[in-house]
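Reader: I am in my first year and still learning to look at structures slowly. Please give me a close look at the pairing of aromatic rings, with the reasoning spelled out as you go.

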Amino acid sequence: MATTSKVETAPERPARTTVTSAVAAAAGSGGNRTPRSGAWVRPYVVSLVCLDLTAALVAALSGTTVRFHSALGESATLPYLHLCLLLPPLWVLFVWLGGGYARRFLGVGTEEYRRVATSGFAMGAFVAIGAYAVGFDLARGYALLTLPLVPLVCLVLRYARRKALHRRRRSGRCMSGVVVVGHRVAVRDLVRRLRGEVHHGMRVVGVCLPQEERVTGEVEGCPVLGTFTDVADAVALTGADTVAVLACPEMDGAELRRLAWRLEKTGTDLIVASALMDVAGPRTSIRPVAGLPLLHVEHPELVGARRVLKGIFDRCAAASALVALSPLFLVLSVLVRAEDGGPALFTQTRVGRGGSEFTVYKFRTMIPGAEVLRTTLQSRNEHDGVLFKMRRDPRVTRVGAWLRRYSLDELPQLVNVVRGEMSLVGP
């Protein structure tokens, strides 16, 4: 083991003093460790524990009241009153064992909810088996009401607590500091994504670029703190809670292993983003093969009965939404036309399934003739390739900017869904 560690250890770098000084200057710490930005985690977990205790207590009292409402004062209900006191700590124990308080699942995603639901099944089985083992005649009505109610109430309370956390994050609080490692283009894309979706709770406090790309300056307003060999220094001096490594050939398995060893001492989380950043999360899964964590991507195709049911659901939901939102459609159409007298709708030809073309409908958010003016703004394009996008696009109208902000310009595409040209995806 000693020999292996000796081989894996990176050699001393002559330029470390210079780089470390630059990192310290960027962090404004003078070389001292900056306090971590994840101080919100402990109070948040404590609040979840309190909510879980409350959920179990409410469920137990509700089950006892409903099942024994006419005999609450009798001695036969005494064991169930004792269960009201035993169930809350037992529930917290099962949630903890199931990973319901793990930091990496808090505040975003469905994994937290899945683990709570799984803990509910586990505790229900434990209570049922335990009652049978000790010979306690557990009332079926009580069990059927109380045991499912515990995780249900818990999920409702946790959802409300998460929404409160998201509101705090929109004001810049309860954020975790992240150091992003990768090439400049990929880093810029990730920084923009995290800034656009602040509910994830990640704030980029610095970036580390490869040696050939490292220049003094910033990437999307985030300071460049060094190269790939200076990640641990950047974390120590900025107080970051997480290191996000983007797909790049320099950070191979051996280098990631060495970085994990260095970050392990400070308890810093290490996350690795694959090159498939635009692939939906539910379509990806990790499959260990020959000791290698291979990323498997499922095809997003529906076949047979599932495809028929999805098509029926899409059409019915879109038709219902069109009827319910018809007053809103009328108001938005008037607002769009009133600003410059142009048409309310914007149409564009798109390529659909099997290469067939169809016309997509949207509320118009740009001035008439915006496509003609695009050539004069090509030099300000912030994306590569055929996609044209820029902040503060002068072609966007005031009403259009408001429509885009709340994605209201996409509502007319419900017509395309009813016609079977598009499908409902996500919220």
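Author: A residue is called buried when its relative accessible area is under 20%, exposed when the value is over 50%, and partly exposed in between. With those words settled, and keeping in mind that this is a predicted model, we can begin with Trp 402, which has a relative accessibility of 38% and therefore counts as partly exposed. Its partner in an aromatic pair is Tyr 406, the two ring centres being 5.9 Å apart and the planes meeting at 65°, an arrangement described as edge-to-face. Tyr 406 is also partly exposed, because its relative accessibility is 46%.

A search of the whole structure finds 4 aromatic pairs, and another of them joins Phe 94 to Phe 126, where the centres are 5.4 Å apart and the planes stand at 55°, so this pair is tilted. Since Phe 94 belongs to helix α4 (residues 78–97) and Phe 126 to helix α5 (residues 111–134), the pair ties together parts that lie 32 residues apart in sequence. The two partners fall into separate classes of accessibility: Phe 94 has a relative accessible area of 14% and is therefore buried, whereas Phe 126, at 46%, counts as partly exposed.

An aromatic ring can also be looked at together with a charge, and here the charged end of Arg 169 sits over the ring of Trp 40, at 4.8 Å from the centre of that ring.

Notes. Residues numbered from 1 in each chain as written. Predicted model: local features only at pLDDT ≥ 70, side-chain atom pairs only at ≥ 80, totals over all residues. Heavy atoms only, no water. Phe/Tyr/Trp six-rings, centres within 6.5 Å; stacked < 30°, edge-to-face > 60°. Helix = DSSP H or I, 4+ residues; strand = E, 2+ residues; numbered from the N terminus. Buried < 20%, exposed > 50% of the residue type's maximum accessible area, 1.4 Å probe, protein only. Lys NZ or Arg CZ within 6 Å of the ring centre and 35° of its normal.
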